[in-house]
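Me: I would like to learn how to read a protein model feature by feature, with the general idea set out before the particular case. Could we work through one together?

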Amino acid sequence: MRLGLSAALFYACQLVSAQLAGQEPASALQRFLDEAVDRGRVAGGVALLLREREVLFVHSFGYANIADRTPFRVDTPVVVASISKPILASIAFRLEDQEVLSLTDSVADLLPVFSGLGHEMTVQHLISHTSGLPADRSLSVRPWLADWTEGLPL
């Protein structure tokens, strides 16, 4: 699997290089992703490359549901769980550098749905797995999945 990730990163670098040189983006990354689905290495997903807020490449590939062959689309919702933590932590550190956010900020001040937990939870607690939120995956500990939040943005 490491080879697959290396190949994807290689193709992504080629794509960015071509874009920066003013050439049309290469389709090597798109072919690589589509072939990964054909070979059964991955069910599906979305690849997105951005540079300074400009979309250089976006491609959905494969299936959101293999059984009924539902195509994976750019707007297909996915559960990313803790894999998002390093990305969000990087963003939090950049925002702290820009003095927009502090890692010691209370989560309840930023997202009132988290008020009344019985303990103060900070941004740093969230990005370091020390928030005290239970690992239980029920809706009761994920207020953003509760029925009363449907249609409301975080």
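Me: Let me begin with a single residue: is Thr 122 buried or exposed?

Reply: This is a predicted model, so every value we discuss is computed from it. Buried means under 20% relative accessible area, and Thr 122, with a relative accessible area of 13%, is therefore buried. Thr 122 lies in the loop between α4 (107-110) and α5 (123-127), and, leaving aside neighbours within four places in sequence, Thr 122 is in contact with Leu 103, Thr 104, Asp 105, Ser 106 and Val 107.

Me: How should I read the sheet, and in what order do its strands lie?

Reply: The general idea is that strands of a sheet pair through backbone hydrogen bonds, either parallel or antiparallel. Here the sheet is open and has three strands in the order β1-β2-β3, with antiparallel pairing; β1 (44-51) and β3 (70-71) are the edge strands, each of them pairing on one side only. Helix α2 packs on this sheet, where it touches β1 and β2, and the direction of α2 makes about 10° with that of β2.

Me: How many bridges join β1 to β2, and how many join β2 to β3?

Reply: β1 and β2 pair over eight bridges in the antiparallel sense, and in this pairing Ala 47 stands opposite His 59. Strand β2, which covers residues 54-65, is joined to β3 by two bridges, again antiparallel, and there Tyr 63 stands opposite Pro 71. The hairpin of β1 and β2 has two residues between the strands, and in that hairpin Glu 52 takes a positive phi near 45°. Another positive phi, near 75°, belongs to Gly 40, which follows α2.

Me: Which residues make up the largest nonpolar core?

Reply: In soluble globular proteins, nonpolar side chains tend to be buried together. In this model the largest nonpolar core has eight residues, namely Leu 29, Leu 33, Val 37, Ala 47, Leu 49, Leu 56, Phe 57 and Phe 61, and α2, β1 and β2 each supply at least two residues of this core. On the helix side, α2 spans residues 28-38, and its buried residues include Leu 29, Leu 33 and Val 37, together with Ala 28 and Ala 36. If residues up to four places away in sequence are not counted, Phe 61 touches Leu 33, Val 37 and Ala 47, among others that include Val 42 and Phe 72.

Me: What does His 59 touch, and which side chain does it meet in a polar contact?

Reply: His 59 has its place in strand β2 and is buried, with a relative accessible area of 11%. The side chains of His 59 and Asp 34 are joined by a polar contact of 3.0 Å. Not counting residues up to four places away in sequence, His 59 touches Gln 30, Leu 33, Asp 34, Gly 45, Val 46 and Ala 47.

Me: How many salt bridges does a search of the whole structure find, and where do its partners stand on the scale from buried to exposed?

Reply: The general idea is that side chains of opposite charge can pair when their charged atoms come close. A search of the whole structure finds one salt bridge, which Arg 73 forms with Asp 75, the closest N and O atoms being 2.7 Å apart. Arg 73 is partly exposed because its relative accessible area is 49%, whereas Asp 75, at 52%, counts as exposed, the dividing line being over 50% for exposed.

Terms used
Residues numbered from 1 in each chain as written. Predicted model: local features only at pLDDT ≥ 70, side-chain atom pairs only at ≥ 80, totals over all residues. Heavy atoms only, no water. Buried < 20%, exposed > 50% of the residue type's maximum accessible area, 1.4 Å probe, protein only. Helix = DSSP H or I, 4+ residues; strand = E, 2+ residues; numbered from the N terminus. Pairing = 2+ DSSP bridges. Contact = heavy atoms within 4.5 Å. Axes fitted to C-alpha atoms, helices over the stretch in contact; angles between N-to-C directions. Salt bridge = Lys/Arg side-chain N within 4 Å of Asp/Glu carboxyl O. Polar contact = N/O pair within 3.5 Å; in protein donor to acceptor, adjacent residues only side chain to side chain. Core = buried A, V, L, I, M, F, W, Y, C linked by side-chain atoms within 4.5 Å.
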